[in-house]
Amino acid sequence: MTTPRADAVSAAVTDAVLAVPGVACLRPGLRGLLHAAVGRPGAVRVVLDATGSVRALQVEIVARSQHRAADVARAVRAAAAEAAAAPPAAVRITVTGIV
């Protein structure tokens, strides 16, 4: 179950990540499509602590082949950390594909 704060963080992170050059999309798949149908992107997972601060953030992306995946992942990590007001160490990025 998600909270309104987690949903807001997820939405902000999604927007920030999709604006990063080299990101084709968030992780596709049935689970992602089902989450998107109910308004929650399944490729962005937020864990909040008791105070409502972001304790952990996981983002799964698909990178464009014209860009180096490692560079894209670094840029996504920085953008996601800023959008979530989280320390970069709390952010985990997984590149699930390259198109």
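**Reading the salt bridges**

Tutor: Let us start from one side chain: R68 is exposed, with a relative accessible area of 55%, where exposed means over 50%, buried under 20% and partly exposed in between, computed with a 1.4 Å probe on protein chains only. This is a predicted model in which local features need pLDDT of at least 70 and side-chain atom pairs count only at pLDDT 80 or more, whereas totals for chains, interfaces and linings use all residues. Residues are numbered from 1 along each chain as its sequence is written, and side-chain values use heavy atoms, with hydrogens and water left out.

Student: What is a salt bridge, and with which residue does R68 form one?

Tutor: A salt bridge is a side-chain nitrogen of Lys or Arg within 4 Å of a carboxyl oxygen of Asp or Glu. Here R68 meets D71 at 3.6 Å, N to O, and D71 is partly exposed at 38% relative accessibility.

Student: How many salt bridges does this rule give?

Tutor: The count comes to four. R45 and E60 form one of them, with their closest N and O atoms 2.8 Å apart. R45 lies in strand β2 (residues 44-48) and E60 in strand β3 (residues 54-63), so the pair ties together parts that are 15 residues apart in sequence; strands are DSSP runs of E with at least two residues, helices runs of H or I with at least four, numbered from the N terminus.

Student: Is E60 buried or exposed?

Tutor: E60 is buried, at 10% relative accessibility, while R45 is partly exposed at 24%.
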